[in-house]
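Q: Please take a close look at the salt bridges of this model, and describe the partners of each pair together with their exposure to solvent.

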Amino acid sequence: TFAVIIFFAGARSYVADTSAYIKMFNDYPLFQNAHDVIFASNAREPGFRLFSILIKTYISDNYTVWLSIIAVISGICVMIPLYKYSCNFGVSAFLFMASCQFTWMFNGMRQYLVIAILFAFSNWIVEKKWIRYITLVLFLTTIHRTAIAMIPMYFIVNGEPWNKRTTLVILTVILCIVFAGNVLNLFDSVMMQSDYATGYSEFKKSDDGVNIITIIISAIPVVISYIFRKELSDRYTPIMKISTNMSIIAVCVYIISKITNSGILVGRMAIYFTTYNLILLPWLIDTAFKSKEKMLMKYTMIICYLALFYYQMEISFNGFGYVSKILNMNY
């Protein structure tokens, strides 16, 4: 099921930020001469540099091999939890494609590599193996710093859906909305002092936050789980409790992204949480609704997500685009 997307993600040459990654890989030295590159003071991702340099030195200096290895890791790490936890793997795989989450394997692959690996180890959250999970998060921060946000999230999502923790998160978002101006000023101050300062200044000129359609789509599982919270309270499995809480946090992040006009930086954080919707939504439809309603909801979901796919790919992404030298493709 995932082989096709893994294949094309690995074979790409110029898609979104791929050209920048390829240049970076081509500029990396071999391992014997890599000390200064890996431990450079401006290196935000020493783990990713080391990983890439080891591939270049001991496997291949062809960037297609490097991209393919990352695509295989990312794709399999997303696939395994879906196969293990989803009540309908086919629907979850469909949502992965139709929601355009697969595009993260083409654009922003370093962050998505971290997201996929953490998703693969969701069982450590379920089993409350917090030392292992936090150790993994700290390791993954050497690949992408945003992973550090998952440490407090581990403690927030480990609880009953719609409990006091959930209320606290929602109240925090409401306060952000009320004091939007102060939040935006604080966010600007933090970002301008970070490694992303230059990029943030450029992005801010055209960034108006996450699309409202994205927020609505992401909120659907949250709305269903809230409406049927009493009926579902004794039917939640540990992974579904975690997935519900992750989904709530995703919507909150998207809302904060909208009010701070930061879809590129803050909005990207939500993908850490929306991945769990791939498990949650099929379960909610199968569990919350009766047989006739269930079929109606499934068909409605399919139609809506196909419409979303068309909107995202053709209008929002302007066709997205795909170039592969090795496949002689230019779309």
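A: A salt bridge is here a side-chain nitrogen of Lys or Arg within 4 Å of a carboxyl oxygen of Asp or Glu. The model is a predicted one, and by this rule it holds five salt bridges, among them the pair of Lys298 and Asp286, whose closest N and O atoms are 3.4 Å apart. Lys298 belongs to helix α20, which covers residues 291-316, while Asp286 belongs to helix α19, which covers residues 277-288, so the pair ties together parts that are 12 residues apart in sequence. Lys298 is partly exposed, with a relative accessible area of 24%, and Asp286 is likewise partly exposed, its relative accessible area being 24%.

Another of the salt bridges joins Glu127 to Lys129, with 2.9 Å between the closest N and O atoms. Glu127 counts as partly exposed at 40% relative accessibility, and Lys129, with a relative accessible area of 30%, is partly exposed as well.

The pair of Arg49 and Glu45 has a buried setting, which can be followed from the cut-off, since buried means under 20% relative accessible area. Their side chains meet in a salt bridge with an N to O distance of 2.6 Å. Arg49 has a relative accessible area of 15% and is therefore buried, and Glu45, at 6% relative accessibility, counts as buried too. As a general point, side chains of opposite charge can pair when their charged atoms come close.

Conventions. Residues numbered from 1 in each chain as written. Predicted model: local features only at pLDDT ≥ 70, side-chain atom pairs only at ≥ 80, totals over all residues. Heavy atoms only, no water. Buried < 20%, exposed > 50% of the residue type's maximum accessible area, 1.4 Å probe, protein only. Helix = DSSP H or I, 4+ residues; strand = E, 2+ residues; numbered from the N terminus.
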